[in-house]
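This briefing is meant to be read beside the sequence and the 3D view. It opens with the cysteines and then turns to the overall make-up, the helices and the aromatic rings.

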Amino acid sequence: MSDCCKSKQTDKDSDVASRDNGTSAALSGDTSIKDAAPSCCEPPSRFDYFFWVPLSAVIVLYGIHLFGFNEYALLNKLSIAVFSMMNIMAWGVAIGVFMVALLSYVPRELVISAMGSGGGLKGVCRATAAGILLDLCSHGILMVGVKLYERGVSIGQVMAFLIASPWNSFSLTIILVAFIGLPWTLAFIALSVIVAIMSGLIFELCVKKKILPPNPNAMALPDDFEFWARLKIELSATKFSFSGARKFLLIGLTESRTVIRWLLIGVLLASLIRVFADDAVFHEYFGPSMLGLLATMVAATIIEVCSEGATPIAGDIFNRASAPGNSFAFLMAGVSTDYTEIAVLKSQTRSWKIALFLPLITLPQILIIAIIVNTYGGG
């Protein structure tokens, strides 16, 4: 290995350390924060077909509907699906980009201190609470989740954060109340918290038993570290400038690119599914039976929609099919089997095992809970 290859990680760590000086550098436009130098070990950058091709397709299809070019029926249906999904997920992605940029400059010590050092029950519960309180859709929450992993949060906490988050935001909770009522909405939230905490603890155990790799970004906090004192220092040093704001936004977009790439691919796949597989076909078979539950799980896997899109469908399953367990399963399995989420997790953690353990650990819990709810709550 050449000398420059050996120094690659050192350079990266130096870059991370410079960002960890706080948010003040980001907002004041401090040019001392530099991008990591290109490594001689890496191949020359190539055209990113998996980003630019889906992006171009989404822009074209969005424009076809926006400007009313509907000469071909099939193309028109596809453009409507893309237009609808992009409008639904746009705000969540925008907030997600902002949060990714913010987390890039928040010192890692603050992130670890807020989430709980070293994972464990306390850390997993904190991550679950953060996921419920953060009002983001599934795509926005995914962007924040992978950034938390990069900042050193344990894999168990990241998974608990992702599982608890997507449809438990305040806005979607209100929507769900309108569909299924307050008691059932509170029950669904409580059940999702159980799945999130149990899954997070199982992931922590798998890492402890060396079944899954630990987060290489993990760090230990000093014994005398004080969260509020450090936060006060960072906030007092923060200054705003337009150049700093531009750089802040650019970092958010750049570091969200991997997630956005898979979101665009997911939008195209989901649009094709919407065109060729009518939702009404699935609704007819979503009854509170084992066959109906399995059909629900399959539909949740195939129909990739943002959490805003999943909530009305779940409400329809609850009311039309009289299957509250299936409704819960649709909301939860949509997260656990989301191919965009699995692909992003693999990309960020560099581990297929971690990505595939998400459905492996969560789906059995979801199925058991759904069966119980259908059996004792269907009346």
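In this predicted model, Cys125 has a relative accessible area of 32% and is therefore partly exposed, whereas Cys206, with a relative accessible area of 9%, is buried. A search of the whole structure finds 0 disulfides, a disulfide being a covalent bond between the sulfur atoms of two cysteines.

**Overall make-up**

- The protein chain contains 20 helices and 0 strands, and buried residues account for 49% of its 379 residues.
- Among the contacts in the protein chain with a separation of 6 or more, 81% are between residues that stand 24 or more positions apart.
- The accessible surface of the protein chain amounts to about 18400 Å², and carbon and sulfur atoms contribute 68% of that surface.

**Helix H11 and the loop that follows**

- Helix H11, which covers residues 182-208, has 27 residues and reaches 39 Å from its first C-alpha to its last, close to the 39 Å expected at 1.5 Å a residue.
- Just after H11, Lys210 adopts a positive phi of about 65°, and Pro213 is found in the loop that runs between H11 and helix H12 (227-236).
- Pro213 has a relative accessible area of 33% and is therefore partly exposed, since a residue counts as buried under 20% and as exposed over 50%.
- When its neighbours within four places in sequence are left aside, Pro213 is in contact with Val207, Ser351 and Ile354.
- Pro213 and Ile155 are 58 residues apart in sequence, and their C-alpha atoms are 9.0 Å apart in space.

**Aromatic pairs around Trp184**

- A pair of aromatic rings is described by the distance of the centres and the angle of the planes, and the count of aromatic pairs in this model comes to 6.
- One of the pairs joins Trp184 and Phe188, which meet edge-to-face at 6.0 Å centre to centre with 70° between the planes; because these residues are 4 residues apart in helix H11, they are separated by about one helical turn.
- Within this pair Trp184 is partly exposed, at 25% relative accessibility, whereas Phe188 is buried, at 0% relative accessibility.
- Trp184 also pairs with Phe318, again edge-to-face, at 5.6 Å centre to centre and with 70° between the planes.
- Because Trp184 lies in helix H11 and Phe318 lies in helix H17 (residues 307-320), this second pair ties together parts that are 134 residues apart in sequence.
- Phe318 counts as buried, its relative accessibility being 13%.
- Trp184, Phe188, Phe318 and Phe328 together form one aromatic cluster.

**Helix H16 and its buried side**

- Helix H16 comprises the 13 residues 290-302, which at 1.5 Å a residue should span 18 Å, and the end C-alpha atoms are indeed 18 Å apart, so the expected and the modelled span agree.
- Which residues of H16 are buried? They are Gly292, Leu293, Thr296, Met297, Ala299 and Ala300.
- These buried residues cover an arc of only 165° around the axis, which means that they lie on the same side of H16.

Terms used. Residues numbered from 1 in each chain as written. Predicted model: local features only at pLDDT ≥ 70, side-chain atom pairs only at ≥ 80, totals over all residues. Heavy atoms only, no water. Helix = DSSP H or I, 4+ residues; strand = E, 2+ residues; numbered from the N terminus. Expected span 1.5 Å × (residues − 1). Buried < 20%, exposed > 50% of the residue type's maximum accessible area, 1.4 Å probe, protein only. Arc of directions from axis to C-beta. Contact = heavy atoms within 4.5 Å. Areas by Shrake-Rupley, 256 points an atom, 1.4 Å probe, with all protein chains shown as cover. Phe/Tyr/Trp six-rings, centres within 6.5 Å; stacked < 30°, edge-to-face > 60°. Disulfide = S-S within 2.5 Å.
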